[in-house]
Amino acid sequence: MKLIIKNGHVIDPANNIDAKHDVYIADGKILSVGKMPAGFDAEKTIDAKGKIVCPGLVDLCARMREPGQEHKATIKSETLAAASNGITTLCCPPDTQPVIDTQAVFESIYDRAEHYGYAQILPLGALTQGLDGSRLSEMAALKEVGCTGVSNAMHPIENMVIMRRAMEYAATFDLTVFIQPEDPVLRDGGTAHEGELSTRLGLRGIPQAAETVAVATYIALAAETGVRVHFNHLSTARAVQMVGRAIHDGHPISADVTAHHLFLTEMELGDYNTNGFVEPPLRSQRDRDGLRDGIAKGAIAAICSDHQPHELDAKLTPFALAEPGISSLDTLLPLGLRLVDEGVMTLSNMLASITCKPAQILNIDAGTLSEGGQADVCIFDSDKSWQLNAETMTSRGKNSPFIGWEFKGKVTHTLHKGRLVFGE
Amino acid sequence: MDPKKASGKLQTDSNGRLRHFLTIEGLKSDLLTEILDTAESFSSVAEQAIKKVPLLRGVTVANLFFEASTRTRTTFEVAAKRLSADVLNLNINTSATSKGESLLDTLRNLEAMNCDMFVVRHNNSGAAHFIAQHVAPHLRIINAGDGRHAHPTQAMLDMFTIRRHKKEFNNLRIAIVGDVMHSRVARSQIHALSTLGAAEIRVVAPKTLLPRDVQKLGVHVYHDLCEGIKDVDVIIMLRLQRERMTSAFLPSEHEYFHLYGLTEEKLQFAKPDVMVMHPGPINRGVEMDSKVADGTHSVILEQVTNGIAVRMAIMAMIMGNRHGQEHAS
């Protein structure tokens, strides 16, 4: 199918394009941006006048809940939600049930997404078998079927000898190790940022050192083993500085931040709001500012959704008994646009942090409008105002602390492999 | 949302009257004073030949204790019975919830039994808030202790005891000594004392037993007991759980008593008419010497007695029968 996106303002940060262009697509690939190929005869035209045309978004961390927790959400429901929000690539952590530690589980998730065709899922492999923190997973086998990174998800490895060997083994096969940095011993059963609010509410605190000690340890191990390390979801200002320094020193390290950590602080928990219960925790205003500084200055490369859809009951409990996480596919781009509105970063840099930069971290060919590349495209109306409410959220999970927020900017079309998966 | 505003909104109705009693934080000083005044009027009930008033006749109060307690539960039971309410005691930690029933299901079942008021103790901070947010609108909730968060009736009985001896709060200097970190009692006392206008609130403990940013609650921090109780009018000792020694908060009971145990010698640093309080049960020889616990400055048993009148007052105010008229509820 030949398709043309006309009159849009194209922003393709990877190719330094930020201008009005037409985009030509054929056979699922980008044929050209700007210049009409000879003899191009479009079967379909999308008029993007007044809209932004950018690469399909790449979300570094999103849980589909399948296999294992289909009562929360499914690959079908969440890839469809992703398409509705301009997201065409989703990286899924290995903590499914069963865990992604075999080729069979990896391929079944990948293939199911292909089967529905709304967005592609790139699963991360497990760092240890069953995420048990003691036996290495068969990383070479995972690599063989297309896995580019391994992780122990939200199950930090306590034994650093095993961590070191896992990193060395991953480095052998050129796999990136994704780490959500937390020292579980220092966390000590905490559920909220250790500070004024946890003191007032009587919640067990998670000290900043639970993150900084882990970051320091893993930076040291990365230096020792030479493996590429990606830190998921930094939450403290100090960790941002440590990562920035390590990158400056030439270590192969990168980091992301969730969109919600760039907006919310511990104050979100004021009335024991379980929708504000996330891991790592929402921290102080100073930390939030530090994270914003990190994304603006480049110490943090990518913004992700850390999408964790839940059924209603998972949050209908006293605070510490709730399941962590936010349903956040619906707010990834809107919160990004809000950062631009608030002057934290330029539109082009913000889009880079949710397109080409996460793609580089995943070591995949995505997040650009390069000629010959897969035609994953997001078109949005940056002026459209709307309000988030549970009824119109596209994810099956309605657990969002942003319900009721006013946003500006809404996706109108999404193309995945040159096919219109959202919009008309 | 600001925790003060959030709890205030949940606890009081549009006229500022008490609907639930979940935490002291966010309640106005007038309301706390009203509780103390009402408790004063109830304290004589115990001296009558028939220790009962008919204010809560026909009202069913359910004591929902998800965490073991003898004294608090008993005083709530006595208070409810003296107000002529019917009382159900439910110890839930071993029954329904261990079979996988959710907290909300348990509540729905109790609602179906037409209770009017739940007195709730739960080991999770915020549990009483959660219950108040989700029960049917006619139900009233009293927090009898949630995790490390609040124990507001205990704090009010302490305020009642202090006021009986000292009359006013605004000249008082108070020291709270011991495990503030794990204490819901201390948090509620701090909010009560600051709302009632106490001149100075101090906390005295090693750093391991003080929560992060505790000074932001409006207290002065001391690590030395003699300095911390110097010239104070009231000393509130907190209970120290034995498990603090095994989880490295403290080296030993011996060292704790040496540094923070209240003895007659150390008591000399306080004002001559200092009151010594403790929410109980006391570990003699750990938090304080027996001579202090049983001495002339101690009001510890008085606190227990006052607990009944204060809990009667809070229950009566919540059920809207404060002046003795019978409202159909």
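This is a chat about one residue in chain A and one sheet in chain B of a predicted model.

Trainee: Where does A:Asn85 lie?
Mentor: A:Asn85 lies in the loop that runs between helix H1 (75-84) and strand E7 (87-92) of chain A, where helices (H or I, at least four residues) and strands (E, at least two) are DSSP runs numbered from the N terminus.

Trainee: Is A:Asn85 buried or exposed?
Mentor: A:Asn85 is buried, with a relative accessible area of 7%; buried means under 20%, exposed over 50% and partly exposed in between, using a 1.4 Å probe and protein chains only.

Trainee: And which residues does A:Asn85 touch?
Mentor: Not counting residues up to four places away in sequence, A:Asn85 touches A:Leu57, A:Leu329, A:Asp330, A:Thr394 and A:Val411, contact being heavy atoms within 4.5 Å.

Trainee: Switching to chain B, what is the order of the strands in the open sheet?
Mentor: The four strands follow the order E2-E1-E3-E4 with parallel pairing, and two strands pair if DSSP finds at least two bridges between them.

Trainee: Which strands are at the edges?
Mentor: Strand E2 (86-91) and strand E4 (140-146) of chain B are the edge strands, each pairing on one side only.

Trainee: How many bridges join E1 to E3 in chain B?
Mentor: Five bridges join strand E1 (residues 60-65) to strand E3 (residues 117-122) of chain B, and B:Val61 stands opposite B:Met117 in E3(B).

Trainee: Any ground rules for reading this?
Mentor: Residues are numbered from 1 along each chain as its sequence is written, and chains are lettered from A in the order in which they are written. Local features in this predicted model need pLDDT of at least 70, side-chain atom pairs count only at pLDDT 80 or more, and totals for chains, interfaces and linings use all residues, while side-chain values use heavy atoms, leaving out hydrogens and water.
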